[in-house]
Amino acid sequence: QQQQQQQQPQSQQADEGIGNEKNISVSGCQHATVGAIVRGTYTHAAENHGRPAYKKDAQVNGLDVMLYFWDERDGPNFCGWWFGPKIGGDQVWAYHPSKATITPPKAGWKVPYDGPTDTTFVIARAQQAAQQAAQPQASQVATQQQQWSSRAQPYQQQQYGQQQQQQQQQQQPLYQGQMQQQQQQPQWNSGINAQELQRQQLEENRRQLEEANRRRIEEQARREADMAQKREEQRATLAIRRVIQKVRSATVDTLDVLRQELAEILRIELDNCGTQRDRMLQEAEQGVSQAMQRIQLIKEQQRKMEEQKKELEKQWKVAQERALSLLKDLETLVEEAEKAAKTLQEEAEPLTTGKDLNMEEINATLKVVEEAGDDAKVVMKKCTDFILSKGTEMRTAELPGHPNTESKQLLAKLLQRINECTRMTDTSLSTSRGAKQKVENKQKAREEMDKKSAVFDNYDVDRDGMLSRAEMKKYAKGEFNFELSNVALEAIFKVLVPTGKGVPKEKLQRLKVAIGVAREKVMDQKRKEDREAKEQRLAEMRKNAAEQLEEAEKLVNAADEMVGKVEQGANAAALKGAGVANLPNKIQSLTSAELVSLADESESAVKEAKEEAENAKKALKEIATGIDADLKIWFETNVRRPEAVVLRCEQRLSKIGVIITKLRDDARKKETEELYAVEKEVLNMIRYHQQAKELSTEAVFAEFDTDEDGKIDKTEFVDFFKNCKKKPKEEKAGEDTKKNGELKEGEEAAKKEEPPKETPVEVTDSDLERLFSTLDESESEEGEAHISKDRFLNLLRVFMKVVQESVITSTIGIKDSEALRRLEIGEIVEVLKGPQKEESTELVRVLCKVVKDEIQGWITVAGNQGTVFLVDTNNQFRVVKETILTESFELDGGGSKDATRKLKDTTRKLKEGEVVEVREWARKEPKSGLMRMKCKVLSDGETGWVTTVGNQGTVYMELV
């Protein structure tokens with residue numbers, strides 16, 4: 001307990017802040033390196049992350065020392081108080097993980113930041129820290145020793161004052177003894193002996209004080225001499241080391257001077273080094289040796305560099321000579337190229353100077369030029385190949401102090417000469433080829449003129465050098481297949497032959513153009529006539545198309561009107577005054593059969609409307625097929641409205657189709673709900689009949705199975721309810737409740753567990769036939785519909801839920817029976833017999849089998865004080881985790897291939913929230929270890945097996 005009490009204030013102190021102090025002091029810290037850094041006084045300098053930051057008054061090794069807080073922005077591991085050279089930096093020295101303190105914690109610091117907690121590390125106010133540091137005497141002595149070693153003079157005065165204080169403390173008992181003796185002197189009255197004794201004692205005390213003072217002064221002088229000697233040694237060694245450092249960094253030129261300076265400083269200061277004398281001599285020798293080695297290394301490097309420089313110069317000279325030799329070879333090739341280009345230019349001179357040559361002479365000359373050009377190109381290719389192969393060797397690198405201007409200038413000149421040869425060659429070839437082309441063009445023009453002259457001569461029958469009117473008509477017909485009219489002929493004559501008999505040969509081209517103009521006028525007239533005929537034809541086609549569109553719009557409007565009638569219900573009294581769009585609002589007031597009938601009738605109306613819309617759409621397509629291309633734009637403009645109406649009709653009919661599909665789904669769901677209510681009422685009727693006649697389930701089955709064939713057919717099923725015991729109408733609810741309105745123990749829980757009372761359903765023969773169809777177990781349509789005995793007995797099973805802890809006993813009697821085990825709240829039991837009254841206590845008891853462990857025994861339904869132990873349970877489960885519904889109990893389909901295939905085909909997913917009704921309570925499937933239950937899905941009436949609890953404890957179904 002004492003340790004806990006001691007630890008509690010320590011932990012509180014570790015989380016306690018220093019408070020809003022401007023100046024604080026850090027003391028303690030056992031870590032040698034960190035302690036020297038963080039110890040000292042700090043001043044409030046800034047704010048960081050909403051909390052104060054402090055800066056040490058003095059730097060350490062040129063660095064600031066900061067104390068600051070960092071929040072969780074970089075993670076919870078970095079949140080807390082830190083010591084470091086700057087706020088938020090990577091380098092830190094100490095850490096405190098507290099997030100609650102607004103100011104720096106007093107204790108509990110980790111040094112280093114990832115080390116253990118240092119209990120000596122303390123933060124306090126600056127004045128308080130000074131007082132605490134002065135209290136322990138041992139700490140004060142250690143502090144004085146450190147002060148004497150670093151700064152002698154001020155602390156010697158402090159020590160002297162402390163020694164004076166110690167002497168006064170030592171003398172105080174003596175003075176007190178003297179005062180006591182003086183006070184007692186009258187009482188003693190011993191005379192001279194007492195006074196003499198007192199004088200001797202005072203003399204002895206004075207002598208001891210003087211001796212102590214003498215020893216103190218001697219010790220102080222000795223210490224001062226030692227400190228002075230140490231300072232002198234430090235000064236001398238520092239002076240010598242400065243010169244040694246200069247010697248170490250000496251160069252070849254300054255080495256001798258620095259060695260003399262070192263010898264001089266050793267002569268002057270070596271004797272003042274005291275105990276460091278031998279060390280200084282050793283360091284001086286090492287410094288000179290290092291300088292000699294470094295200078296020797298520098299000389300060696302300079303020698304190697306000089307050798308490399310010479311080698312480079314030698315290699316450069318060789319390369320320069322090689323480059324000049326190659327440039328001489330290139331110059332020879334360039335001269336050959338220039339000669340070839342000159343030869344080419346001379347051969348091309350007849351073509352480039354404009355001499356009048358015939359085609360044969362031009363071809364012969366051009367052939368010679370082409371050959372000379374090929375020769376020149378071969379020589380120039382040699383030059384370029386030589387440059388590509390030897391260019392690197394001809395372009396030598398420049399060496400400092402040795403310019404290679406000769407080879408560089410020579411190479412530039414040779415390249416310029418090569419370019420000039422190439423230009424001359426290309427110019428000569430292109431000029432020669434151009435001259436040939438010009439001659440060819442002239443030849444063609446001459447041939448064209450000769451051809452035109454021949455045409456003119458051909459139509460100039462009278463050979464008078466002019467084309468008369470008759471000859472012009474023949475010319476137009478023969479050359480252009482155009483019948484020149486007299487009007488056009490006179491117009492041409494008026495322009496081309498103002499005077500004379502006809503058109504001369506030099507005006508033949510103008511005559512050709514005039515005939516072309518006359519022909520174009522004739523063609524324009526024809527095009528105009530064709531255009532007018534086409535416009536008339538298009539007008540008739542547009543009229544016919546407009547009439548067809550009008551008929552098609554009637555079909556479109558009829559379809560639109562029929563769709564509107566379907567939506568509003570104006571065309572079908574069978575829809576009971578409601579359109580298809582309003583059918584979802586009438587679902588609650590209609591039976592499933594009525595909903596199916598309405599859906600069928602609505603589909604018929606929708607089908608008719610679809611046919612009308614399809615006819616309108618087909619008519620529009622037929623019109624579009626026969627439309628001329630020139631009327632396409634007009635037709636597309638006018639057909640937009642009817643097409644839009646047809647499209648809207650299709651969209652509205654699609655929406656109505658969705659409504660009808662939903663209506664059928666709702667009809668199926670409602671049929672399932674109706675069958676569920678009928679099934680509940682039928683089971684209640686059977687159970688009432690069973691209780692009224694006190695029959696076993698076997699006996700009830702026998703009353704159904706009148707032909708004793710081991711199964712129940714439809715006729716037997718319906719006939720039973722005509723003669724069975726009927727339950728009288730229920731009395732008004734609430735007559736057996738407590739008058740005072742209070743509930744006994746267990747009644748409140750029973751009331752919560754009981755399923756809500758359902759409204760009684762009037763069961764008709766048609767309802768019984770529908771229910772029988774859902775219970776039918778025949779596997780094919782050819783087989784006779786029936787309900788097996790096992791299925792029937794399973795339907796009559798009754799389950800109850802424990803709502804108050806009770807005991808299951810071996811017999812109906814309570815006194816003489818044996819308690820089998822205690823039943824917990826929430827357990828499910830199956831009623832095998834009862835309810836029956838126990839004679840001695842008149843308690844209502846039932847024979848049950850516990851579903852959990854199949855123990856059979858008797859259980860009390862309700863106590864004689866009104867405590868309810870069992871209530872009828874709702875055998876409905878809700879899906880809490882998605883699972884599957886299968887036909888077989890085994891998940892492998894029962895072993896056979898056909899069963900496995902059938903399992904895959906009939907598997908249905910059960911989604912979260914769906915509700916099922918128990919057909920057979922859950923039992924363990926041996927192969928998989930799953931708890932499997934047979935049930936009926938209330939949403940669609942499907943029956944199958946489902947997993948309630950997985951082999952790892954996963955719950956898929958829970959009781960509603």
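**Exercise 1. In what order do the seven strands of the open sheet stand, and in which sense do they pair?**

*Solution.* The model is predicted: local features require pLDDT of at least 70 and side-chain atom pairs pLDDT 80 or more, whereas totals for chains, interfaces and linings use all residues. Residues are numbered from 1 along each chain as its sequence is written, and side-chain values use heavy atoms, without hydrogens and water.

Step 1. Strands (E, at least two residues) and helices (H or I, at least four) are DSSP runs numbered from the N terminus; two strands pair if DSSP finds at least two bridges between them.

Step 2. The order is E21-E20-E24-E23-E22-E19-E25, and the pairing is antiparallel.

Step 3. Strand E21 (908–910) and strand E25 (957–959) are the edges; each has a single partner strand, so one side of each lacks a neighbour in the sheet.

Step 4. From one strand to the next, the twist averages 45°; axes are lines fitted to C-alpha atoms, for helices over the stretch in contact, with angles from 0 to 180 degrees between N-to-C directions.

**Exercise 2. Describe the pairing of E23 with E24, and identify the helix that lies across E23**.

*Solution.* Step 1. Six bridges join strand E23 (residues 931–937) to strand E24 (residues 943–949) in the antiparallel sense. Arg932 has Thr947 in E24 as its bridge partner.

Step 2. Helix H16 (residues 632–692) lies across strand E19 (876–879), strand E22 (915–924) and E23, and runs at about 60° to E22.

**Exercise 3. Determine the surroundings of strand E5**.

*Solution.* Step 1. Strand E4 (residues 66–70) pairs with E5 antiparallel over five bridges, with Tyr68 opposite Trp82 in E5.

Step 2. E5 is also joined by three bridges to strand E6 (residues 94–96), again antiparallel; there, Trp81 has His96 in E6 as its bridge partner.

Step 3. Buried means under 20% relative accessible area, exposed over 50%, and partly exposed in between (1.4 Å probe, protein chains only). Five of the five residues of E5 (residues 80–84) are buried, so the strand is largely enclosed by the rest of the structure.

**Exercise 4. Assess the confidence of the model**.

*Solution.* Step 1. The mean pLDDT (the predictor's confidence in each residue, from 0 to 100) is 79, and 83% of residues reach 70 or more.

Step 2. Residues 184–189 have pLDDT below 50 and, beyond near neighbours in sequence, two contacts (heavy atoms within 4.5 Å) in the model. Residues 570–578 are likewise below 50, with 17 such contacts.

Step 3. Where pLDDT is low, predicted coordinates should not be read in detail.
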